[in-house]
Amino acid sequence: MSTSKSTAPNRPLSPFMIGPYYKPQLTSMLSITHRLTGMALAAGTLLLAGWLIALASGPQVFAAYAGHVQAWYGQILLLGFSWAFLYHLCNGIRHLFWDIGKGLDIAAAYKSGYAVIAMSAVLTVAVWALAYLI
């Protein structure tokens, strides 16, 4: 029997140990954000369903619902929902390219990751600018 301490196996650390044990990488952060935006879209769909129910319930109910949507907190929720949708869309397109075997090397993955961040921001600004112009 040996009394010496055995060394831990040299294996990769989980990205969920972010902090002192794991250095965050763009790819892991984008993956986590993709999952979070998916959950946000599910919650936002409930708000969309509420809007449709208010619309079908008559002018008074719709006016009350619209009052909340037009308030500052409603606008922030809509901004977040639209960004989450556009980020999830752009990152989903990125994943489709990965599914056909394109852009899998590290340099391309980082380049497409930065493109997803930029495009989701640009598209969100464009959608909101268009919404306020119309």
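The residues lining the largest pocket divide into nine nonpolar, three polar and no charged. That is a good place to begin a tour of this structure, which is a predicted model.

**The largest pocket**

About 310 Å³ of space lies in this pocket. Its lining is made by Gly-44, Leu-47, Leu-48, Trp-51, Tyr-65, His-68, Val-69, Tyr-73, Gly-74, Leu-77, Leu-78 and Phe-81. If you would like to find them in the view, look to three helices: H1 (26-57), H2 (59-70) and H3 each supply at least two residues of the lining. Which helix gives the most to it? The answer is H3, with five residues.

**The second largest pocket**

The second largest pocket has a volume of about 270 Å³. It is lined by 13 residues, and the closest to its centre are Leu-78, Ser-82, Val-127, Trp-128 and Ala-131. Leu-78 is also named among the residues that line the largest pocket. Here H2, H3 and helix H4 (106-133) each supply at least two residues of the lining. H3 again gives the most, this time with six residues. By type, the lining of this second pocket divides into ten nonpolar, three polar and no charged residues.

Here are the two pockets side by side:

| Pocket | Volume | Nonpolar lining residues | Residues from H3 |
|---|---|---|---|
| Largest | about 310 Å³ | nine residues | five residues |
| Second largest | about 270 Å³ | ten residues | six residues |

**The chain as a whole**

Stepping back, how many helices and strands does the chain have? There are four helices and zero strands. Read along the sequence, the pattern is α-α-α-α. Of the 134 residues in the chain, buried ones make up 20%.

**A nonpolar patch on the surface**

Let us now turn to the outside. Phe-85, Leu-89, Ile-93, Leu-96, Phe-97 and Ile-100 form a nonpolar patch on the surface. Together, these six residues have about 610 Å² of accessible area.

Leu-96 makes a handy example from this patch. Its place is in helix H3, which covers residues 72-99, the helix that also gives the most to the lining of the largest pocket. Is Leu-96 buried or exposed? Leu-96 has 54% relative accessibility, so this residue counts as exposed, since the word is used for values over 50%.

**Where to look next**

H3 is a helpful guide through the model: this helix holds Leu-96 of the surface patch, and H3 also gives the most to the lining of the second largest pocket.

Note on methods:
Residues are numbered from 1 along each chain as its sequence is written. This is a predicted model: local features need pLDDT of at least 70, side-chain atom pairs count only at pLDDT 80 or more; totals for chains, interfaces and linings use all residues. Side-chain values use heavy atoms; hydrogens and water are left out. Patches are made of residues with over 30% relative accessible area and no salt bridge: like charges are joined within 9 Å, nonpolar side chains (Val, Leu, Ile, Met, Phe, Trp, Tyr) within 5 Å. Accessible areas come from the Shrake-Rupley method with a 1.4 Å probe; for residues, only the protein chains shown count as cover. A salt bridge is a side-chain nitrogen of Lys or Arg within 4 Å of a carboxyl oxygen of Asp or Glu. Buried means under 20% relative accessible area, exposed over 50%, partly exposed in between (1.4 Å probe, protein chains only). On a 1 Å grid over the protein atoms alone, a cavity is a set of points where a 1.4 Å probe fits but cannot get out, and a pocket is an open set with protein on both sides within 12 Å along at least five of seven lines; lining residues have an atom within 4 Å of a point. Grid points are joined across faces, edges and corners, and a volume is the space filled by probe spheres set on the points. Ala, Val, Leu, Ile, Met, Phe, Trp, Tyr, Cys and Pro count as nonpolar, Asp, Glu, Lys and Arg as charged, and the others, Gly among them, as polar.
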